[in-house]
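Student: Could you walk me through this one? I'd like to start with the contacts and then go on to the rings.

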Amino acid sequence: MNTSEVVPVRRVGGRIAATLLAWLAAYLIVTVLLLVAGHWLESLPVAVRALLISGVLVTAMTNLVMPGLGRVSARVANRSGRRN
């Protein structure tokens, strides 16, 4: 079998898990933002609401969530590597 045809199962599963965790984090951030500032955001035009929500979301995901997921996935990878 050609090595270019081999799909590493752990990597695919890890990407799916990371994608689901990132989606869950984004959902929670947007939900909390709407709960906290939803009434204030209602009075703004849709474009401004989208700008504010996406700005908070991208900032939180880039600076808090994704680095945290990276640390957690590194720990999990190190633990599973020790078992093998």
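**Contacts, cores and rings**

Tutor: Leaving aside residues up to four places away in sequence, A22 touches M61, M66 and L69, and please keep in mind that we are looking at a predicted model.

Student: OK, and which residues make up the largest nonpolar core?

Tutor: That core has seven residues in all, namely A22, A25, A26, I29, A60, M61 and V65, so A22 and M61, which touch each other, both belong to it by the rule that core residues are buried nonpolar ones joined through side-chain atoms within 4.5 Å.

Student: Which elements give two or more residues to this core?

Tutor: Those elements are α1 and α2, the latter covering residues 46–83, and the largest share, four residues, comes from α1.

Student: And what lies apart from it?

Tutor: Another core, of five residues, lies apart from it, and among them are L33, A37, L41 and L44.

Student: Switching to rings now, how many aromatic pairs does the count come to?

Tutor: The count comes to one aromatic pair. The ring centres of W23 and Y27 are 6.0 Å apart and their planes are at 20°, so this pair is stacked, given that planes under 30 degrees apart count as stacked.

Student: Where do W23 and Y27 lie?

Tutor: Both are in helix α1, which covers residues 9–42, and they sit four residues apart, which is about one turn of the helix.

Student: Is W23 buried or exposed?

Tutor: W23 counts as exposed because its relative accessibility is 57%, and the cut-off for exposed is over 50%, whereas Y27, with a relative accessible area of 47%, is partly exposed.

Methods:
Residues numbered from 1 in each chain as written. Predicted model: local features only at pLDDT ≥ 70, side-chain atom pairs only at ≥ 80, totals over all residues. Heavy atoms only, no water. Phe/Tyr/Trp six-rings, centres within 6.5 Å; stacked < 30°, edge-to-face > 60°. Buried < 20%, exposed > 50% of the residue type's maximum accessible area, 1.4 Å probe, protein only. Contact = heavy atoms within 4.5 Å.
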